[in-house]
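I opened this entry to look up how the ligand is held and what lines the space around it. My notes follow in the order in which I checked things.

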Amino acid sequence: MLVIAIDGPGAAGKGTLAKRLAAHLGLDYLDSGSLYRAVAWRVIQAGADPADPAAALAEAKRLDPADLGRPDLRTERVARAAAIVAQSPPVRTELTDFQRRFAASPPGGKGAVIDGRDIGTVVCPQAKAKLFVTASAAERARRRTLELQGRGEKAIYAAVLEELEARDRRDMERAVAPLVAAPDAHVLDTTDLGPDAAFTAALEYVTGLSAS
Ligand code: C5P
């Protein structure tokens with residue numbers, strides 16, 4: 001099965017790129033961050049603490065795919081809680097199994113594009129195409145601020161930057177499946193690349209692989 005693994009820190013442009021690659025190549029797309037967010041959202045709804053591993057695991061076990069598209073998963077509060085539940089190894093095992101099942105039998109049957117933090121390193125280390133999409137923290141914070149403001153949320157650049165950097169640290173320093181580029185990943189720095197240029201560069205890399 002063709003799997004394109006896309007990893008990188010928040011607001012680097014992974015989601016936009018992954019969706020576009022999937023649509024262009026006729027593959028199914030899975031946003032693995034939405035799994036962690038859905039678990040975190042359910043923990044919050046249940047009035048439990050995201051740092052309580054038992055509460056997080058219980059919600060991971062009853063993950064409902066229908067929750068994944070909920071707009072209320074996209075808030076900063078849920079993002080923060082997602083990075084906390086993501087530190088728990090049993091939660092990761094549960095969600096990794098979900099992602100591997102998707103990669104092995106995507107709904108369309110042709111292949112999958114999965115984005116996240118550990119797709120090329122842990123979830124699908126055998127994926128032939130691996131991209132690590134990154135950008136400077138300042139540029140990512142600028143984009144996230146505009147995105148939040150575009151949704152009518154109050155967002156102050158300095159606070160967004162601080163939040164992103166705290167989440168980067170949490171994702172990079174955790175003991176299990178930390179955010180890191182796989183040794184065989186193609187690194188795409190989008191600091192100075194717009195969405196079209198990033199898509200062109202990624203498509204060149206992917207089609208170059210199948211030609212080789
Ligand atoms: O990508 P997104 O911002 O939606 O991810 C939310 C959080 O979920 C991340 O900060 C990270 O802690 C966690 N996550 C993860 N592994 C993934 C995807 C997301 O740990 N594959």
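For residue classes, I counted Ala, Val, Leu, Ile, Met, Phe, Trp, Tyr, Cys and Pro as nonpolar, Asp, Glu, Lys and Arg as charged, and the others, Gly among them, as polar. The model is predicted, with local features needing pLDDT of at least 70 and side-chain atom pairs pLDDT 80 or more, while totals for chains, interfaces and linings use all residues. Residues are numbered from 1 along each chain as its sequence is written, and side-chain values use heavy atoms, with hydrogens and water left out.

**Pocket.** I looked up the largest pocket (on a 1 Å grid over the protein atoms alone, an open set of points with protein on both sides within 12 Å along at least five of seven lines, its lining residues having an atom within 4 Å of a point), and found about 980 Å³ of space in it. Its lining counts 43 residues, and those closest to the centre are Ala 11, Lys 14, Gly 15, Arg 74 and Arg 144. By class I noted 14 nonpolar, 11 polar and 18 charged residues in this lining. Among the helices (DSSP runs of H or I, at least four residues), α1 gives the lining its largest share, six residues.

**Ligand.** The ligand occupies the space of this largest pocket. I listed 16 residues around the ligand, of which Arg 37, Arg 92, Arg 117, Arg 167 and Asp 171 are the closest; a residue is near if one of its heavy atoms lies within 4 Å. This shell splits into five nonpolar, three polar and eight charged residues, and α2 supplies the largest share, four residues.

**Contacts.** For polar contacts (pairs of N or O atoms within 3.5 Å), I found a polar side-chain atom of Arg 37 at 2.5 Å from a ligand oxygen, and one of Arg 92 at 2.8 Å from a ligand oxygen. A polar side-chain atom of Asp 118 lies 2.9 Å from a ligand nitrogen. The ligand alone exposes 460 Å² (Shrake-Rupley method, 1.4 Å probe), of which the protein buries 97%.

Note on methods: Polar contact = N/O pair within 3.5 Å; in protein donor to acceptor, adjacent residues only side chain to side chain. 1 Å grid on protein atoms, 1.4 Å probe; cavity = no way out; pocket = protein on both sides within 12 Å on 5 of 7 lines; lining within 4 Å. Sits in = over half its atoms within 2 Å of the grid points. Helix = DSSP H or I, 4+ residues; strand = E, 2+ residues; numbered from the N terminus. Points joined across faces, edges and corners; volume = space filled by probe spheres on them.
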